[in-house]
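Visitor: I am new to this structure and would like to learn how to read its features one at a time. Could you take me through them slowly, giving the general idea before each case?

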Amino acid sequence: MTSKMWVTMGPQHPFSHGLWTLKVRVDGEVITDATPIIGYLHRGWEKECEHRTYPQIIPMADRLCYSASMTWSHLYVMAVEEGLDLEVPERAQYLRVVADEICRIQSHLMWLAAMGTDLGNLTVFLWSLREREIFLDLFVKLCGQRLTTNYPRIGGVRNDMPYLFERDCMRAVERFEKKLWDIIALMDDSAIFLSRMQGVGHVTRKEAANLGLTGPTMRGCGVDFDVRRDDPYEVYDLFDFEVPVSQDGDAYGRYAVRIEEMFQSCEIIRQAMAGMPDGPVRVKAPRNVPAGKHFARLEDPRGEGLMYLISDGTDRPYRLKVRSPIFVNVSASKRLVLGARMADVPAVMGTIDMCLGETDR
Amino acid sequence: MAGNDDFYEAPTVEQVIELLSAKFGDDVKLRGSKARRVYLSAKRERIYELCEYIHDVLNFEQASSVGGVDWETHMQVVYHLSNYFNGVMIEIETDIPLDDLRVDSVTPIWEGANWHERETYELFGIVFNNHPHLERLLTPCDYQFFPFRKSYKLRRAD
């Protein structure tokens, strides 16, 4: 006997990682329909920005996502610099790249920790957070904060790297590249983990592109695109790194892409530290942005971030539109969970790495 | 397939401009271009046709963003479309008069535009024709106002 019913998962559910709801219609155990519900955290971020001066928005951009604050404030200052037509000093561009990649590693580790608990492996959670702490310590050295970093500035970065930062950074990276294998072993050598990840939440390449999935979620479905490589910003075109792509299209493929991205980030940090030029880290930026329309895009740890800025010549933006990767990825959740079983939902939705701050804005 | 008459896998910026002006003439105006960027403005009536062409022929597989702008004299919908093979991005803006806030939805072309259009609808009140599910998304469903319009003032704002 089968029974069809709607089950509401969330807003307070162990798998949801933030306040959002996934209503699923189940036929027995199989999901036949799903509706994501968001909006619990809508703060009118874009409207708030219209009432603040350009530098005041940098710390607000940090709060779009607590675990990717560096990339969000970076994206915002890039959009403003596009409007000012400002040339950022090369050393500042290198520092931004290093900071972005540290941010990517710690964000992916946060995801890995969450993924571990979702699938019932508490050791993964503890070990991932332990490794993440080392990268957060690097943030503390660089800009004095663990999460809301407030580091990029319009025209550069807040400060040069402190004494011995390069040494600490290289030590952290080298240690991490060994330690990550321990965590991988915990996941990949576990038959339970593999059986829960492989073959669930399958999406084809064409669907992934059409659904607007971006970032590791999209690359795990076979779309070979990374803004850092294909539409380079800052100095990313100077570095030699690979963009991991998985043709599997299932939850395991998306997991594997994120793991490999962490190794690639280590590689980028190493190259950026080796090639770091001397010079100023910040130029003085004018207060008002001349009237115009500009946008910047960047590879956030979760996907493609885009900010569309309309300036009207005053010291405040006329309109600032944020394209959040998770906002679009979660809109595809119906397609992702369709046909899966109830117990697969945490495994499938875990791989899109939810962050509600940027989704609801 | 690249270079074929009816399909371009990775069209260059020059090709995009040339093909669009040949196909749409004065209905699509070029506002500017630079490396990997094309800026266009289009007539509202031809948005769906234009987007369909950009998707089917020029292979822009993703609608990165759809957003609204309130210019007080009129409104605008801005589309950012991206190609996964060469990183080219097209920005299209289309003017919408205040007395008829309607534009064709591009969700039938790009599923990823779905929530962007719902968001634009609830924050600006722009209606997207043929949208599969045009309801409020971020704000409570009983709201009767559109908070991102310039006529909506924040408290303590001048």
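Visitor: Is B:Asn59 buried or exposed, and how many other C-beta atoms lie within 10 Å?

Guide: The general idea is to count neighbours, and a residue is called buried if 20 or more other C-beta atoms lie within 10 Å of its own. In this predicted model, B:Asn59 has 20 other C-beta atoms within 10 Å, so B:Asn59 is buried. This residue lies in the loop between α2 (47-56) and β3 of chain B, and its phi is near 65 degrees, a positive value in a residue other than glycine.

Visitor: And B:Asn130, is that residue buried or exposed?

Guide: Here the other end of the scale applies, since a residue counts as exposed if 12 or fewer other C-beta atoms lie within 10 Å. B:Asn130 has 11 of them, and therefore B:Asn130 is exposed. Its place is the segment after β7 (127-129) of chain B, and its phi, near 65 degrees, is again a positive value in a residue other than glycine.

Visitor: How many residues does each chain bring to the contact between chain A and chain B?

Guide: A contact between chains can be read first by its residue counts and then by the elements that supply them. Chain B brings 25 residues and chain A brings 27 residues. On the side of chain B that touches chain A, β3 (62-70), β4 (74-82) and α3 (114-124) of chain B each supply at least two residues, and β3(B) gives the most, with six residues. Sorted by class, that side of chain B has twelve nonpolar, nine polar and four charged residues.

Visitor: Turning to chain A as a whole, what does its secondary structure come to?

Guide: A whole chain is best read from its elements, its extent and its burial together. Chain A comes to 15 helices and eight strands; its radius of gyration is 20 Å, close to the 21 Å that the globule rule gives for 361 residues, so chain A is as compact as a globular protein of that length. The C-alpha trace of chain A spans about 70 × 45 × 35 Å along its principal axes, and buried residues make up 54% of the 361 residues. Among contacts in chain A between residues at least 6 apart in sequence, 70% join residues at least 24 apart.

Visitor: How should I read a sheet, and in what order do β1, β2 and β3 of chain A stand?

Guide: For a sheet, look at the order of the strands, then their direction, then the edges. These three strands form an open sheet in the order β1-β2-β3 (chain A), and the pairing is antiparallel. Because β1 (4-9) and β3 (30-37) of chain A each have a single partner strand, they stand at the edges, and one side of each is left without a neighbour in the sheet. The twist averages 20 degrees from one strand to the next. Strand β2 (residues 21-27) of chain A pairs with β3(A) over seven bridges, and in this pairing A:Asp27 stands opposite A:Val30.

Visitor: What is the order of the open sheet that holds β6, β7 and β8 of chain A?

Guide: This open sheet of three strands has the order β6-β7-β8 (chain A), with antiparallel pairing, and its edge strands are β6 and β8 of chain A, each of which pairs on one side only. Neighbouring strands are turned by 15 degrees against each other on average, direction ignored. Helix α3 (residues 69-84) of chain A packs on the sheet, touching β6 and β7 of chain A, and its direction makes about 150 degrees with that of β6(A).

Visitor: How are the strands of this sheet joined, and how many bridges join β6 to β7 of chain A?

Guide: Nine bridges join strand β6 (residues 292-300) to β7(A), and a hairpin through two residues connects them; in this pairing A:Leu298 stands opposite A:Gly305. Six bridges join β7(A) to strand β8 (residues 317-323) of chain A, with A:Met307 opposite A:Val322. The hairpin of β7(A) and β8(A) has five residues between the strands, and A:Gly313 in the turn has a positive phi of about 90 degrees. Strand β7 (residues 303-311) of chain A is mostly covered, for nine of its nine residues are buried.

Technical notes
Residues numbered from 1 in each chain as written. Chains lettered and ligands numbered in written order. Predicted model: local features only at pLDDT ≥ 70, side-chain atom pairs only at ≥ 80, totals over all residues. Pairing = 2+ DSSP bridges. Helix = DSSP H or I, 4+ residues; strand = E, 2+ residues; numbered from the N terminus. Axes fitted to C-alpha atoms, helices over the stretch in contact; angles between N-to-C directions. Contact = placed C-beta atoms within 7 Å. Nonpolar A, V, L, I, M, F, W, Y, C, P; charged D, E, K, R; others polar. Rg over C-alpha atoms; globule rule 2.2 N^0.38 Å.
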